[in-house]
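Subject: Structure for your review

Dear colleague,

Please find below the sequence and structure that I am handing over to you. My findings follow directly after them.

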Amino acid sequence: FTLQMSMILPNDEKNGLLYVSFNQDHSCFVCGTQKGFIVFNSDPLKNRFHREFEDGKGIGMIDILFRCNILALVGGGRNPKYPTNKVMLWDDYQNKCIAELDFKTEVRAVRLRRDKIVVVLDAKVHVYNFNDLEQIDTIDTHYNPKGLVALCSSPTNPVLAVPGDQPGKVIIKNYNTSGQKKNIISITAHNSAIRQMALNQDATLLATASEKGTIVRLFDSTTGSPVTEFRRGALSAEIYNLSFGGPKSDWLCVASDKGTVHIYSLDTPIENRSSSFSFLSGFLPGYFASTWSCAQFSVPDTKFICGFGIPDNTNSLIVLCANGKYYKYVFDSEKKEAKQEGFGSFAESDEL
């Protein structure tokens, strides 16, 4: 599974959704709405709890710490509950905010782990200790309006990946338990700006995709060395998200605006397809020598994010769509195919 994936939605979504995000292990997902927020169980799909504020104001960004009662909230929508330049820490047991972080510019993303809070702004990333909210680091980045960030939730691997100071670059930082920076790695991942990135569950691998969206690259996050690259397609595409899956990060799925999810084998690369014109690789090595996905499936709805299931059910893939539709697919690693097994809705108009 990937460590964090989210989808920011426009104010005019008729279902009232403003934001959708998986938690750290994909066991649940959270929705920011025009009136509050909702937390759902991922598999099976079930409404865990729903908070609609009395003043009917919106939450435009939300992150939950695994399945506990602590959430990070940022206002949004037509009538924001909180300013968009503040991160509010919400304790759902107490039904109130217990702390806040204030910034000079709009918050683009917020990520939680048990010992850290990471806040992404347009061109900076701030890192805080969770227990006392002490700021321990600030990272300058390239212009990052989409709030790209990857944060490992493993207690033994406090690793953070953010865009570098130039388009196409990524900075990886590993923090030790005292909060001091253990090492810093800079990677030139692509020639154009980064569009998506993801760390695997133990933060040993980093996957990246650029704005062009034709190539996905894999790096050793401990050294910055390239591991391999995969071709998604020949035509440019917007990559919605990247997600690792399997007990040992055996698979990588790539979702795009082409309405497809591609699955690549990391454990046994020979299982991935090669171009039928690979004999021409000497003429066009960048294309005909590429490694293609071993399986793919289509999602019938619009913008979506896709992630492998919870750790004890890593053959399932959960798809969350901007229109509130929910799909569950089961990936057969032997047959190299994914079939739809479940369907539902998490955005009913009377609920949001």
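The lining of the second largest pocket comprises 7 nonpolar, 6 polar and 2 charged residues. Please note that the model is a predicted one. The space in this second largest pocket amounts to about 240 Å³. Its lining consists of 15 residues, and those closest to the centre are Ile-8, Gly-60, Met-61, Glu-106 and Val-107. Two elements, strand E6 (59-64) and strand E7 (70-75), give two or more residues each to the lining of the second largest pocket.

The largest pocket holds about 350 Å³ of space. Of its 23 lining residues, Ser-6, Lys-146, Leu-148, Arg-195 and Gln-196 lie closest to the centre. By type, the lining of the largest pocket divides into 12 nonpolar, 5 polar and 6 charged residues. At least two lining residues come from each of strand E1 (6-8), strand E10 (109-113), strand E18 (194-199), strand E22 and strand E28 (304-308).

Strand E22 also belongs to an open sheet of 4 strands, which has the order E22-E23-E24-E27 and antiparallel pairing. Strand E22 (239-245) and strand E27 (295-298) each have a single partner strand and stand at the edges, so one side of each lacks a neighbour in the sheet. On average, neighbouring strands of this sheet are turned by 15° against each other, with direction ignored. Within the sheet, strand E24 (residues 260-265) runs antiparallel to E27 and is joined to E27 by 4 bridges. Ile-263 stands opposite Ala-295 of E27.

I turn last to the nonpolar interior. In soluble globular proteins, nonpolar side chains tend to be buried together. In this model, the largest nonpolar core has 33 residues, and the most contacts inside this core are made by Phe-37, Leu-71, Leu-73, Val-87, Ile-117 and Val-119. Two or more residues each are given to the core by strand E3 (28-33), strand E4 (36-41), E6, E7, strand E8 (86-91), E10 and strand E11 (116-120). The greatest contribution is that of E7, which gives 5 residues.

Several strands therefore appear under two headings, as the core and pocket linings are both built from elements. Strands E6 and E7 give residues to the lining of the second largest pocket and also to the largest nonpolar core. Strand E10 supplies residues to the lining of the largest pocket and to that core as well.

With kind regards

Definitions and conventions
Residues are numbered from 1 along each chain as its sequence is written. This is a predicted model: local features need pLDDT of at least 70, side-chain atom pairs count only at pLDDT 80 or more; totals for chains, interfaces and linings use all residues. Side-chain values use heavy atoms; hydrogens and water are left out. Two strands pair if DSSP finds at least two bridges between them. Axes are lines fitted to C-alpha atoms, for helices over the stretch in contact, and angles run from 0 to 180 degrees between N-to-C directions. On a 1 Å grid over the protein atoms alone, a cavity is a set of points where a 1.4 Å probe fits but cannot get out, and a pocket is an open set with protein on both sides within 12 Å along at least five of seven lines; lining residues have an atom within 4 Å of a point. Grid points are joined across faces, edges and corners, and a volume is the space filled by probe spheres set on the points. Ala, Val, Leu, Ile, Met, Phe, Trp, Tyr, Cys and Pro count as nonpolar, Asp, Glu, Lys and Arg as charged, and the others, Gly among them, as polar. A nonpolar core is a set of buried Ala, Val, Leu, Ile, Met, Phe, Trp, Tyr and Cys residues joined through side-chain atoms within 4.5 Å. Buried means under 20% relative accessible area, exposed over 50%, partly exposed in between (1.4 Å probe, protein chains only).
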